[in-house]
Each structure stands twice: as C-alpha cells, then as structure tokens.
Amino acid sequence: QVQLVESGGGLVQPGGSLRLSCAASGNNFRFDVMNWYRRTPGKERELVATILSGGSTNYADSVKGRFTISRDSAKNTVYLQMTSLKPEDTAIYYCNARIFISSLNYWGQGTQVTVSS
C-alpha cells in the first residue's frame, strides 16, 4: 500500500517560513507527478505546486515567488518550502502523487499550516 505522510506544518507568524515534507513509502514505481494542494473551509481545494518526474515545476499564482517545491528521489520525499507566509496561506496542506498510465491518485492525510500573529 502506498502511503504519503506529510510533516512540517504548524503555527507561524506572518512573514515567516515553513518547510513541509511528504515522505512516500510502499511505492515500487516512479510517480509521474507530485503535488501540494491546500484546502481552507469555504474554499475549493487549490493546487498549490506541482513537480513532474523530469523536475519541471508549476505554482499557483497565489504562491508564485514565495513557495518552492522540490524532490529528493533518493529519500522518496517531496518538499514545499514556504516563505513570506501570509494569513491567507492558512490551510490544511495535502501531498498528492499520481501515476498517469493507471490513473492512480494517492493522498496524504494533510498537515495544518496556520499563519497568525
């Protein structure tokens, strides 16, 4: 069974930084794409950042220039470095991994990020 486990969430003041980690286990294959999503009550789940197997990245306009997604293949871990955090970044952040050929879509349990003074 594939498991994605997020860590690194917590409470941070506006302007601060956090680094989220997503550790994958049970995968005997390469994911085609890994994503970070976030969800805030009353809002539709938002795709925050994407990293493809080849290393290309994409970001939501709301986080572009502030967040960086990266991958350490040897550790089976994907990171989301968040800087210049704003209160509107407060959300539950979810790690997601996809395998296109089989339409498989895996999700972590989420980690809470709260940006508040």
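**Group meeting: overall shape and the setting of N96**

Let me begin with the surface: the accessible surface of this protein comes to about 6,500 Å², and carbon and sulfur atoms account for 46% of that area. Please keep in mind throughout that what we are looking at is a predicted model.

As for the secondary structure, the protein has 11 strands and zero helices, so that reading from the N terminus the elements run β-β-β-β-β-β-β-β-β-β-β. The radius of gyration is 14 Å, which is close to the 13 Å that the globule rule gives for 117 residues, and the protein is therefore as compact as a globular protein of that length. Taken along the principal axes, the box filled by the C-alpha atoms is roughly 45 × 25 × 25 Å. Of the 117 residues, 39% count as buried, and among the contacts with a separation of 6 or more, 52% are between residues 24 or more positions apart.

On charge, there are 12 positive and 8 negative side chains, and the centres of these two sets lie 3 Å apart.

I would now like to turn to one residue, N96, which lies in strand β9, residues 91–99. Is N96 buried or exposed? Its relative accessible area is 0%, and since buried means under 20%, N96 counts as buried.

What does the side chain of N96 reach? It makes a polar contact with the side chain of N105 at 2.3 Å, and it also reaches the backbone oxygen of Y106 at 3.0 Å. Leaving aside neighbours within four places in sequence, the residues in contact with N96 include L4, V33, M34, N35, Y37 and W107, as well as N105 and Y106.

Definitions and conventions. Residues are numbered from 1 along each chain as its sequence is written. This is a predicted model: local features need pLDDT of at least 70, side-chain atom pairs count only at pLDDT 80 or more; totals for chains, interfaces and linings use all residues. Side-chain values use heavy atoms; hydrogens and water are left out. Helices (H or I, at least four residues) and strands (E, at least two) are DSSP runs, numbered from the N terminus. The radius of gyration is taken over C-alpha atoms; the globule rule is 2.2 Å times the number of residues to the power 0.38. Buried means under 20% relative accessible area, exposed over 50%, partly exposed in between (1.4 Å probe, protein chains only). Contact means heavy atoms within 4.5 Å. Accessible areas come from the Shrake-Rupley method with a 1.4 Å probe; for residues, only the protein chains shown count as cover. Lys and Arg count as positive and Asp and Glu as negative; His and the chain ends are not counted. The place of a charge is taken as NZ of Lys, CZ of Arg, CG of Asp or CD of Glu. A polar contact is a pair of N or O atoms within 3.5 Å; within protein, one must be able to donate a hydrogen and the other to accept it, and residues adjacent in sequence count only if both atoms are side-chain atoms.
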